[in-house]
Structure formats: C-alpha cells, structure tokens
Amino acid sequence: MSLGIVFLSEVFGTAMLTLLGCGVVANVALRGTKGNSGGFLMVTWGWGIAVFAGVFVAAKSGAHLNPAVTLGILVEGKRPYAPDVPVDVASTLTYFGGELLGAFLGAVVCWLAYKQHFDAEPEVASKLGVFSTGPAIRSTPWNLVTEIIGTFVLVFVILTLGGTPSGLGPLAVALLVVGIGVSLGGPTGYAINPARDLGPRIAHALLPIKGKGSSDWGYSWIPVVGPLVGGALGGIVAKIAPIIVTAAA
C-alpha cells in the first residue's frame, strides 16, 4: 500500500472521529442546541460512536487515528502498521501527519455545523471545551498521570486483542473508548489521543470564533505528552506480557 493511501485513510478517518466527537460535545455544551445539557454520558457514547465511524473509514490503513496507537505498535515491534505498510520513519511520520491534519479538519467542519450556536454561546470555556480537553481539577502531575493511565489501557487492549484498531474491530474499539470515558474520563476529559486534542485546539486558535478567548496552551502539552507516554507503555507491556506469562507457566 502506498504512503499516499495511508495518509488519506488516516486523514479521513481521524476527521470523521473529531467531527462526530467534537460534535457531540458541541451539542451538549453550546447554548440553544437540541442536546444542550445532555450530560457526560451522552458525550462518552458520542465519542464511542465517533471512534466506531472513524475505524470503518480508515480501515485500509489499520485505522490508528491516534499517534499514541501508532507509537504503541512501533514500540511493541511485532507487526507492520497495516498490511503491506512496514514500520519505518517515513510511514510513522505519514501516520502522525494524517492523524493531526484529519483531527484539525474534523474540528473545522464541526465549527461550521454549529456556527450559530458558537456565536450565541457566552461562555468561553464551553467553546474551547468543544475542541479540546481540560481538567476538572488543574494539577499538572495528576492530570498527566490520568492521561497516561487512560491511554495505556486503550493501547494495551488494542495491541493484545487486535493488533490494530481495525484488527480489534470498530465495535470493540468503540466500546473500549466508552469504557475508558465513563471510568477514567472524569479528571481530564480523557484526550487519550494527541491528535484529537492538538488538532482541534489549533483549529480553535485559528478559526474566527466570536468571543472565543484563550486556547489554553499552558495545558495543551499534557494531552499530547500523557497519551504518548501511555501509548509507549502500552506497547512495552504488550510486548513483554506474553514472555512473562510463558515464563510463569
């Protein structure tokens, strides 16, 4: 498979992910929408369905949709990124680039869908919350720990049971993301994906959103570094776990 196909697959899949994921947050958070005040459970299920759709769209490239997943596969070192896509520098950068661009584009389209509601919303935090995550209690080390743990669970389960998100299956990955959201999402809003947070945050900074306020760049590194660390740990543990089990037996 050419890297061009991989790039486009990840762009479209990650764009679908953030369009629907940011869209459910907009529906819950912005004034005057049909889903206003629908609650956190509605958000977690919306993101799960967003992952379900994104994995289908990007199945050709393995549907990583997430640099932490790509990094986990790289660190584990047991398999290619997708059939006929070797793990090397060029393919790794292709996945990262497609994921980030797709996340940005999906957020832009979400803004277009909710443009009137963004204009009517007086709370700057609600507008930013559509695009990016933020902590319930701001504490750098603990926010980082939460993102590491949540992403570790995501990547370890994917690698252990399916190898890639498309290998695990769209429904299984969707339910896994819902499970992480309802169990571990409370402290930080569970970015668990550097592209999902950084791409839309860049969109928030660049788009002409009425009264949007700050993009909170002081916090922005946490949903990037935390998931990358968690993804790497997921790859390491997925690599050594079978060895430990075999030795114990």
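**Exercise 1.** What percentage of the 249 residues in the protein chain do buried residues make up?

*Solution.* Let us start with the ground rules. This is a predicted model, where local features need pLDDT of at least 70, side-chain atom pairs count only at pLDDT 80 or more, and totals for chains, interfaces and linings use all residues. Numbering runs from 1 along each chain as its sequence is written, and side-chain values use heavy atoms, leaving out hydrogens and water.

Next, the cut-offs: buried means under 20% relative accessible area, exposed over 50%, and partly exposed in between (1.4 Å probe, protein chains only). With these, buried residues account for 52% of the chain.

**Exercise 2.** Describe the fold, then its compactness.

*Solution.* First, count the elements: the protein chain has 11 helices and zero strands (DSSP runs, H or I of at least four residues for helices and E of at least two for strands, numbered from the N terminus). Then check the size: the radius of gyration is 17 Å, close to the 18 Å that the globule rule gives for 249 residues, so the chain is as compact as a globular protein of that length. Here the radius is taken over C-alpha atoms, and the rule is 2.2 Å times the number of residues to the power 0.38. Finally, the C-alpha atoms fill a box of roughly 60 × 40 × 30 Å along the principal axes.

**Exercise 3.** Where is valine 145 placed, and is valine 145 buried or partly exposed?

*Solution.* Locate the residue first: valine 145 sits in helix H7 (residues 140-161). Its relative accessible area is 33%, so valine 145 is partly exposed. As a last step, look along the chain: glycine 226 is 81 residues apart from valine 145, yet their C-alpha atoms are separated by 7.0 Å.
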